[in-house]
Amino acid sequence: MPFLNRLQQWADDRPDDTAVVVAGRHLGWAALRDAATARIPDAAAVTILAEPNSVDFAVAFAAAVAGDRQCAVLDPAWPVQLQADIAARLDNAVAAGPPAPAELRDGLPESPFLIGLTSGTTSVPKAFTRSRRSWQLSFDASIEFFGLTQEDKTLAPGPLAASLNLYALSECLYAGSEFHTLESFDVGDVHAAITHDGITRLVLVPTMLRLLSERGLAGCVDASGITSIICAGSKLDARTLEAARRWAPRATIFEYYGASELSFVSGAGLRSGAPLDAGGTGIGKPFPGVDVRILSDAGDRVPDGTDGNICVRSGMLSNGYLWGDDGQALRCFDGWYTVGDQGYLLDGELHILGRRSDMIITAGKNVYPHEVELALASVPGVAAAVASGMPDDVRGQRVVAGVVPSHGGITATQLKAGLDDVLPRDKRPLQYFALAELPVTDRGKVSRQLLLDWIERGDTRVRRLG
């Protein structure tokens, strides 16, 4: 299974209770079941779902994974030609099986049901598959770890085409818990939903949390009813964490590390009232049912405190790639899998340094942008930071950083002074830029490449600091 057998149970037990809310439109458990069941006769063996957020998305997704059917969820913002290229590849890569029964039920546990696609706009994204069993195990682990209950009302304000939000929808359907989203992310609409819909749980990326918290504090938006905030995509910086704690004082703030191909790996929850401990690289201990090791490129286990490949063994892993794997995207060392993220273990806690592909090699030294960004975020006057490696004839690459000032202006001298005793000298940026806003993708994730693009073309959102 992933969630359809459970959906049938909730529809029988609580037919009129709300299951899904999108932009104020409500759908009960029985109505969701009946609408999805009506779609099944027209559902193909492999469905391509490329729709904006709506109640209809939830109905179509449920029908698309009924029985042993499979569903590929595409970002509707991707170019039409890119979507056509993906459809053609799916025709060649996925063999259509016998006609599936016209019933809203889960297929065999080991059968693939979801075709995941890495985000991309200029080249065909990599595609991987997930089994029903892998998501059921993920649901059980995340419900236990995050403490999701049927009394919760979850709001995931990002696009359902993104894996974070698609999983949140599916997790709530599995748990029998009310799920909310919006047609598109808007700070005012999120605040209104929190105020009027009794939201208790937020699932989002750090950039969204920062906006909601800071503007919520400025606008006196009451977030005291929120008891859980679940953040993924990057580690929370000190400023975001502090603002979120002030805005939603009763919330446990969770951050976790995972990947679409690996599912959940490790996480930590900062309980309400617990002292803030931001700025480090620690991302908690392994999730229930997950084993983590740090291995060298040769597959050897490294000592505690030594960085290497973050490798995972669990039942939540994907089945691997349909296409796009160059041998490095998902590697296996004798049953231990990695997507190339680098980190280390210390006293049972996982510390994440960043993706190998993001690593900056400057004058022979390895620098992870993640370390630089966390250090800069701790400097007074910095609201957010992003670092990247710019080509350099002498060093190979040089570290550059963009910062969004928290108030007024900030100088390069202040930034340099703020990094004393925080970041080793050979990891410090050689150039600083003031940013009018963070360079983020349409899914709300910070883009280091976009920072370089802005600098190269002299974008008005970037100003070099002397």
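Let me start with strand 24, residues 396-405, and strand 25, residues 431-435, which in this predicted model run parallel to one another and are joined by four bridges. If you want one pair of residues to look for, take A401, whose bridge partner in strand 25 is Y432.

These two strands belong to an open sheet of four strands, in the order 23-24-25-26, and the pairing across that sheet is mixed. At its edges are strand 23, residues 382-392, and strand 26, residues 462-465, each of which pairs on one side only. Going from one strand to the next, the twist averages 30°. Packed on this sheet you will find helix 12, residues 448-457, which touches strand 23, strand 24, strand 25 and strand 26, and whose direction makes about 75° with that of strand 23.

Let me turn from there to a single histidine, H370, which is found in helix 10, residues 369-377. Is H370 buried or exposed? Its relative accessible area is 10%, and because the cut-off for buried is under 20%, H370 counts as buried. If we leave aside the neighbours within four places in sequence, the residues in contact with H370 are K235, I352, L353 and R448.

Next, a pair of helices. In general, two packed helices are described by the angle between their axes and the distance between the axes. Here the pair is helix 3, residues 55-64, and helix 6, residues 163-175, whose axes come within 12 Å and cross at roughly 75°. That crossing makes helix 3 roughly perpendicular to helix 6. On the side of helix 3 the contact is made by F57, A58 and F61, and on the side of helix 6 by L166, L169 and S170. Sorted by character, the residues of this contact are five nonpolar and one polar, with no charged residue among them.

Now to two further groups of strands, beginning with strand 3, residues 46-49, and strand 4, which pair in the parallel sense over four bridges. Within that pairing, L49 stands opposite V73 in strand 4. Which way do the residues of strand 4, residues 70-73, point? Q70 and A72 point one way, while C71 and V73 point the other way, and all of them are buried.

The other group is centred on strand 12, residues 263-270, where six of the eight residues are buried, so that this strand is largely enclosed by the rest of the structure. Strand 11, residues 252-259, runs antiparallel to strand 12 and is joined to it by seven bridges, and the hairpin that links strand 11 to strand 12 passes through three residues. In this pairing Y256 stands opposite G267 of strand 12. Strand 12 is also joined to strand 13, residues 285-286, by two bridges, and these two strands again run antiparallel; there, S266 stands opposite P286 in strand 13.

A few words about the backbone, where two residues deserve a look. As a general point, most residues other than glycine have a negative phi. What is phi for A23? It is near 50°, a positive value in a residue other than glycine. A23 is found in the loop between strand 1, residues 18-22, and strand 2, residues 25-28, and with a relative accessible area of 44% A23 is partly exposed. The second residue is D334, whose phi is likewise near 50° and positive, although D334 is not a glycine. D334 is found in the loop between strand 17, residues 331-333, and strand 18, residues 336-338, and at 79% relative accessibility D334 counts as exposed.

Let me finish with the cysteines. A disulfide, speaking generally, is a covalent bond between the sulfur atoms of two cysteines. How many disulfides does a search of the whole structure find? The search finds zero. C311 is accordingly in no disulfide, and the nearest cysteine sulfur, that of C332, is 8.8 Å away, whereas a disulfide needs the two sulfur atoms within 2.5 Å. C311 has a relative accessible area of 0% and is therefore buried. C220, by contrast, has a relative accessibility of 69% and counts as exposed.

Notes. Residues numbered from 1 in each chain as written. Predicted model: local features only at pLDDT ≥ 70, side-chain atom pairs only at ≥ 80, totals over all residues. Heavy atoms only, no water. Buried < 20%, exposed > 50% of the residue type's maximum accessible area, 1.4 Å probe, protein only. Axes fitted to C-alpha atoms, helices over the stretch in contact; angles between N-to-C directions. Parallel < 35°, antiparallel > 145°, perpendicular 65-115°, else oblique. Contact = heavy atoms within 4.5 Å. Nonpolar A, V, L, I, M, F, W, Y, C, P; charged D, E, K, R; others polar. Pairing = 2+ DSSP bridges.
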